[in-house]
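Dear colleague,

I am handing over the structure below for you to look at alongside these notes. What follows sets out what was found in it, beginning with a pair of charged side chains.

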Amino acid sequence: MSSTPVRVRFAPSPTGYLHVGGARTALYNFLYAKKTGGEFILRVEDTDLERSTEESMRMQINDLKWLGLKWDEGPHPETHADMGPYGPYRQSHRKEIYLQHAQKLVESGRAYYDFRTDAELDAIKERLIKTGKPPQIEAPETLVPLTEARARLAKGETAAIRFQVNRKGEPEKREYVLNDLVRGEVKFPSDMVGDFVCIRSNGMPVYNFCCAIDDALMKITHVFRAEEHLSNTLRQMMLFEAFGYASPKFGHLSFILGPDKQKLSKRHGATSCNDFRLKGYMPEALCNFILLSGWSSPDGREILSREEQIELFTYERFNSAPAVFDDTKLLWMNSMYLRALPHEELWSRLQPFLKEAGLTIPQGDDVQWRDHALSAFKTSMQTLADAPKLFEALDDSKFSLKPEATEVKAWPDTLKVWAAWKSELEKHAAKYITEPEFAAIQDRVKDQTGVKGKQLFQPIRVAVIGTPQGTELKVLVPLLAKSSLINRVDRCLKA
RNA sequence: GUCCCCAUCGUCUAGCGGCCUAGGACACUACCCUUUCACGGUAGAUACACCGGUUCAAAUCCGGUUGGGGACGCCA
């Protein structure tokens with residue numbers, strides 16, 4: 001076996017945020033590169049001037065960075081300048097390369113200038129459909145000779161360059177065999193495609209053409225990409241053959257679907273990495289989740305660190321069937337990651353969400369206080385975005401008697417409990433109340449009032465957080481200053 | 001319409017001819033823990049799309065049917 005170094009690529013087209021399907025493709029390629037000690041290349045496929053934007057490229061780069069998928073070659077993550085020996089890495093900057101290749105094809109007679117107008121082409125297709133044939137464009141009966149074509153071009157006419165699949169005198173039908181890394185042997189009849197455009201009449205090259213040339217020139221060895229490209233592969237194989245380039249190995253991944261088994265799209269809710277980031281999902285969890293949507297670990301373990309993912313990764317464990325995106329399981333996975341995070345890290349990741357909700361938690365600077373608070377709350381959080389409604393209990397300015405407390409408020413002993421609770425608080429000397437101190441205070445309130453059980457417990461809870469449902473008091477009370485506890489019970493007594 | 005891909009619990013999946021009375025995970029149900037909720041623990045219910053072959057033996061191999069998806073662009 002030759003030991004050609006593995007080179008894989010992720011080649012998004014910059015038309016919006018990175019979709020989770022794209023993120024999965026990127027992850028798989030990244031993992032394969034790391035596993036084999038190869039290179040991971042980012043290539044920007046922006047030949048569609050209409051849809052591609054600079055802004056989208058920036059967004060996708062940021063999404064990839066957020067996911068922690070570092071590329072070895074491609075646009076620099078910060079400056080976007082080309083980074084690596086096989087650049088440029090943006091197809092819009094490689095136009096000359098494509099044009100030269102197209103010329104080679106034209107000169108060898110493998111491709112031809114096509115002067116036909118859209119209207120003419122449409123008419124041809126319509127006629128084909130009517131006669132029950134696939135609407136594939138073939139070369140005209142007599143090709144415009146090259147010298148004449150060039151003269152017409154020089155006079156300002158425009159023409160596309162088409163790859164000629166069937167040349168006169170060649171067998172009409174051939175079979176191309178693709179040994180797909182995930183699907184096995186796939187056979188394509190050559191008449192599956194008509195003569196396809198390589199260069200548009202406006203001079204811009206087309207996806208299939210760029211893709212094949214770039215994969216060859218960038219010495220890509222393996223291509224893991226979505227299943228939608230499976231039939232494109234035939235055209236690319238024809239191009240490799242025409243140029244005498246070696247073909248990379250391909251592996252076509254199945255789709256990620258929505259709950260209705262349709263391709264996952266905006267109408268299913270969150271689909272881009274950015275959506276998930278905003279909803280409080282963590283990149284580690286999202287990566288781990290999408291990893292498992294189309295791939296499985298040999299021993300069935302599901303929570304895997306990046307190191308373990310690299311260690312275990314092999315394309316032999318891809319699942320060729322499509323997968324429905326299960327956001328309930330993603331939620332579970334996110335909560336697992338969230339709980340496992342060191343408190344310091346968790347605290348810092350929570351900040352944007354607390355800030356956005358307008359919460360200021362000054363006590364957070366105290367490491368011990370923060371530790372307490374996070375231990376108390378993190379088992380109730382599934383996403384980072386769950387934090388505000390939990391931490392709200394700690395912000396005096398947000399305290400109020402919630403509608404859910406109405407029943408408790410009406411109990412006959414409630415007022416008595418609140419009064420005793422308040423006087424016990426006032427007797428307490430220190431600024432904060434520890435957990436055992438709270439238990440003692442609670443006992444004294446019980447003794448003084450003769451109230452016990454739910455009748456005792458719920459009113460105190462309401463006096464602390466304004467509702468009978470929430471985090472355990474024994475962890476919550478020590479997080480609140482005595483002054484704010486008094487302030488709260490006062491407001492209850494007034495209500 | 002033509003060509004291509006796919007088919008195991010509700011969902012993600014294990015399984016690559018006998019270890020399968022089909023295993024794990026999420027979700028679900030019950031119980032335990034808990035002076036609420038959550039966390040945690042234990043137990044349970046639920047699947048090989050269908051029909052034919054091949055074989056001593058089929059979830060696994062082959063053919064067909066059905067169902068889903070994709071490609072057939074001067075989109076990527």
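**Salt bridges and a glutamine in a loop**

In this model, which is predicted, the side chains of R488 and D396 come together in a salt bridge, with an N to O distance of 2.9 Å. This pair links distant parts of the chain, since R488 belongs to helix α20 (residues 482-494) while D396 lies in the loop between α14 (387-391) and α15 (406-410), the two being 92 residues apart. The partners also have their own places on the accessibility scale: R488 is buried, because its relative accessible area is 1% and buried means under 20%, whereas D396, at 29% relative accessibility, counts as partly exposed.

The general background is brief: side chains of opposite charge can pair when their charged atoms come close.

Two further pairs may be worth opening in your viewer. R152 and E157 meet through their side chains in a salt bridge of 3.0 Å, N to O; R152 counts as partly exposed at 22% relative accessibility, and E157 likewise counts as partly exposed, at 35%. R301, for its part, forms a salt bridge with E308, where the closest N and O atoms are 3.0 Å apart. Here R301 has a relative accessible area of 37% and is therefore partly exposed, and E308, with a relative accessible area of 27%, is partly exposed as well.

How many salt bridges does a search of the whole structure find? The search finds 35 salt bridges, and a network of them links R9, R43, E45, R94, D214 and D215.

Apart from the charged pairs, I would draw your attention to Q136, which is found in the loop between α4 (118-130) and α5 (146-154). Is Q136 buried or exposed? With a relative accessible area of 18%, Q136 is buried, because the cut-off for that class is under 20%. The side chain of Q136 reaches the backbone oxygen of M192 at a distance of 2.6 Å. If its neighbours within four places in sequence are left aside, Q136 is in contact with L128, D191, M192, V193 and G194, so that M192 appears in this list of contacts as well as supplying the backbone oxygen reached by the Q136 side chain.

With best wishes

Notes
Residues numbered from 1 in each chain as written. Chains lettered and ligands numbered in written order. Predicted model: local features only at pLDDT ≥ 70, side-chain atom pairs only at ≥ 80, totals over all residues. Heavy atoms only, no water. Salt bridge = Lys/Arg side-chain N within 4 Å of Asp/Glu carboxyl O. Buried < 20%, exposed > 50% of the residue type's maximum accessible area, 1.4 Å probe, protein only. Helix = DSSP H or I, 4+ residues; strand = E, 2+ residues; numbered from the N terminus. Polar contact = N/O pair within 3.5 Å; in protein donor to acceptor, adjacent residues only side chain to side chain. Contact = heavy atoms within 4.5 Å.
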